[in-house]
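Visitor: I am new to this structure and should be grateful for a guided reading of it. May I put some questions to you?

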Amino acid sequence: MKHLLALLVLVAAPALAVDITPASVVAAMNEQRARAGLRPLREDPRLGAAAADRMRDMEELSYWAHEAPDGRSPFTWLRPRGYLFRFAGENLAAGFESTELLVGGWMESRGHRENILSPDFDDCGVAVIDGGTMRRVTGKSVVVLFGSALDVHP
């Protein structure tokens, strides 16, 4: 009976894991913000498009870093998408298999946690790909761009 229970747990555990999608990442980050008494992040299509542009640039130039090899900031992709910002931030992650592990890992990292829990951010956009931008890896690679738009009126 013990062996059957152990096998059941091993088989069921992956089924409980949430696949990494933009929506699941935003939902998990918003759970963390709710626990901290913060308003939820809104998915902004301009930031989503900028995150996809950013991911594509990293794939095409084969790098994985907050700064491009030519020195461009991660926020270079916001203006062409019409997102002018007061505040902006970025979280990157690679090699994760579930949203829980991804966001859990970010919450263990001071800089990533500060972005997720920053009261300065209202919006976010998420890009997700299978594998990595530099070589074949398991799991998913994720770019999250956070922002607070200049065009928001209180």
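Visitor: How many helices and strands does the protein chain have?

Guide: This is a predicted model, in which local features need pLDDT of at least 70 and side-chain atom pairs count only at pLDDT 80 or more, while totals for chains, interfaces and linings use all residues. Residues are numbered from 1 along each chain as its sequence is written, and side-chain values use heavy atoms, leaving out hydrogens and water. Helices (H or I, at least four residues) and strands (E, at least two) are DSSP runs, numbered from the N terminus. From that end, the elements run α-α-β-α-β-α-α-β-β, and the totals are 5 helices and 4 strands.

Visitor: What percentage of the residues in the protein chain is buried?

Guide: A residue is buried under 20% relative accessible area, exposed over 50% and partly exposed in between (1.4 Å probe, protein chains only). The protein chain has 154 residues, and the buried share is 40%.

Visitor: Is Ser-62 buried, partly exposed or exposed?

Guide: Ser-62 sits in the loop between helix H3 (45–61) and strand S2 (85–96). Although Ser-62 is not a glycine, its phi is positive, at about 55°. Because its relative accessibility is 40%, Ser-62 is partly exposed.

Visitor: How do helices H2 and H4 pack, and into which classes do the residues of their contact divide?

Guide: Helix H2 (residues 22–35) and helix H4 (residues 99–107) have axes 10 Å apart at an angle of about 45°, which means that H2 is oblique to H4; angles under 35 degrees count as roughly parallel, over 145 as roughly antiparallel, 65 to 115 as roughly perpendicular and the rest as oblique. The contact (heavy atoms within 4.5 Å) involves Ser-24, Val-25, Ala-28, Met-29 and Gln-32 of H2, together with Thr-99, Leu-102, Val-103, Trp-106 and Met-107 of H4. Ala, Val, Leu, Ile, Met, Phe, Trp, Tyr, Cys and Pro count as nonpolar, Asp, Glu, Lys and Arg as charged, and the others, Gly among them, as polar. The contact of H2 with H4 thus divides into 7 nonpolar, 3 polar and no charged residues.

Visitor: Which residues does Ile-116 touch, not counting those up to four places away in sequence?

Guide: Ile-116 belongs to helix H5 (residues 110–116). Ile-116 is buried, because its relative accessible area is 0%. Its C-alpha atom is 9.7 Å from that of Val-144, which lies 28 residues away along the chain. Beyond four places in sequence, Ile-116 touches Met-29, Gln-32, Arg-33, Asn-91, Trp-106, Met-107 and Phe-146.

Note on methods: Axes are lines fitted to C-alpha atoms, for helices over the stretch in contact, and angles run from 0 to 180 degrees between N-to-C directions.
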